[in-house]
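Biologist: I am new to this one, and I would like to understand the words before I trust them. Could we look at it together?

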Amino acid sequence: MPTTLQLDVHAERWPLAEAFVISRGAKREAEVVVVTIRDGDVQGRGEAVPYARYGESVEVVVRAIAAWRPHRDRQRLMAEMPAGAARNAIDCALWDLEAKAAHTSAAALARCAVPAAVLTCATLSLAAPDAMAAKARSLDRLALLKLKLGGEGDGERMRAVRAARPDARLVADANEAWRAEDLAALLAIAAETRVELVEQPLPAGRDEALAHLPRPVPVCADESVHTLDDLAALVGRYDAVNIKLDKAGGLTHAFALAAEARRLGLRIMVGSMVATSLAMAPAMLLAGEADWVDLDSPLLLARDRAHGLAVTDGWLSPPMPALWG
């Protein structure tokens with residue numbers, strides 16, 4: 001008789017090394033939900049981040065997970081629950097459980113390349129131009145920086161960081177803070193300062209201007225893309241998509257999302273919410289084929305969980321089985 005799966009879900013708080021600031025506000029800790037699914041002596045874990053921008057809260061996600069009747073069928077899970085943090089935590093725990101029960105790796109189960117070290121973006125929180133420039137100089141060992149922008153003053157921020165780090169690769173993330181009337185001028189400054197990607201400059205659902213203006217720098221959808229259903233509307237407006245497991249509702253759907261994005265000619269960033277290495281680990285299965293990787297939460301935390309991902313000069317190492325997969 002098959003062993004009955006045991007489900008545990010709980011919330012955790014992990015302090016950040018310093019405030020993480022974007023256009024929508026600041027946070028000083030990562031609030032995560034952790035799922036453990038046990039089959040006898042074998043267990044799998046998954047972690048997700050409820051995000052208020054998408055109408056989620058820790059309490060709502062914990063309740064949704066607690067109400068789920070455990071089983072092993074990931075495709076059934078995709079049909080049972082909507083995309084979001086709750087489904088992601090369960091899906092990642094199921095991948096981990098199956099890998100450990102079979103004494104293999106999640107990469108082998110997925111029939112994808114074994115994860116290798118990848119260069120991750122290192123995030124500069126939104127601040128005054130001179131403060132962001134100083135932070136960029138302090139990260140002189142890191143080759144790929146991601147600027148959090150916020151609208152007014154963003155041209156000065158890009159120019160200040162470029163002057164401070166003429167050697168660095170730069171990515172910019174506006175988090176929906178730009179206005180359509182400023183788009184052409186700010187993209188021109190991004191090109192001038194050799195920014196290689198601009199994420200979500202306009203609010204999701206109000207991004208029509210992207211279809212009618214030249215894009216001298218590739219533009220990446222973040223808030224505008226969650227699942228496969230969103231992709232068709234992005235063609236002609238965006239050049240890339242940011243795939244996050246919390247938005248996609250798990251690694252299972254993220255694989256399908258990445259494949260379809262490639263088929264449509266879109267480039268890929270693999271990103272995440274602010275969380276521990278347990279949330280980053282499943283995304284590493286996608287990272288090897290991505291054009292940009294933004295999984296720098298281990299650099300943002302005051303402390304990470306045991307067996308966390310190692311980061312050396314911006315290079316993120318794959319997870320150990322003791323963490324996930």
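Modeller: What follows is a talk about cysteines, strands and empty spaces. This is a predicted model, in which local features need pLDDT of at least 70 and side-chain atom pairs count only at pLDDT 80 or more, while totals for chains, interfaces and linings use all residues. Residues are numbered from 1 along each chain as its sequence is written, and side-chain values use heavy atoms, with hydrogens and water left out.

Biologist: Happy with that. How do you know how many disulfides there are?

Modeller: A disulfide is a pair of cysteine sulfur atoms within 2.5 Å. By this rule the count is zero. Take Cys121: its closest cysteine sulfur, in Cys220, is 10.0 Å away, which is too far for a bond. Cys220 is likewise in no disulfide, with the sulfur of Cys121 as its nearest, at 10.0 Å.

Biologist: Why is Cys121 called buried?

Modeller: Buried means under 20% relative accessible area, exposed over 50%, and partly exposed in between (1.4 Å probe, protein chains only). Cys121 has 0% relative accessibility, so it counts as buried. Cys220, also at 0%, is buried too.

Biologist: What makes strand E3 largely enclosed?

Modeller: Strands (E, at least two residues) and helices (H or I, at least four) are DSSP runs, numbered from the N terminus. E3 covers residues 42-48, and five of its seven residues are buried, so the rest of the structure largely encloses this strand.

Biologist: How do you know that strand E2 and E3 pair?

Modeller: Two strands pair if DSSP finds at least two bridges between them. E2 (residues 25-39) and E3 have seven bridges, in the antiparallel sense, so the pair meets that rule. One example is Ile37, whose bridge partner in E3 is Gly44. The hairpin of E2 and E3 has two residues between the strands, and Gly40 there takes a positive phi near 65°.

Biologist: Why are E4 and E13 called edge strands?

Modeller: An open sheet is formed by three strands in the order E4-E14-E13, with antiparallel pairing. Strand E4 (118-119) and strand E13 (311-312) each pair on one side only, and they are the edge strands. E13 pairs with strand E14 (residues 315-316) over two bridges, and the partner of Thr312 in E14 is Trp315.

Biologist: Now the empty spaces. What makes one a cavity and another a pocket?

Modeller: On a 1 Å grid over the protein atoms alone, a cavity is a set of points where a 1.4 Å probe fits but cannot get out; a pocket is an open set with protein on both sides within 12 Å along at least five of seven lines, and lining residues have an atom within 4 Å of a point. Grid points join across faces, edges and corners, and a volume is the space filled by probe spheres set on them. The search finds one cavity of 30 Å³ or more. The largest cavity holds about 80 Å³, and its lining has 13 residues, with Asn88, Leu245, Asp246, Ser272 and Ala279 nearest its centre. H10 gives the largest share of that lining, four residues.

Biologist: Which residues lie nearest the centre of the largest pocket?

Modeller: They are Phe20, Ile22, Lys27, Tyr51 and Val274, from a lining of 33 residues. The volume of the largest pocket is about 580 Å³, and E2 supplies the largest share of its lining, six residues.
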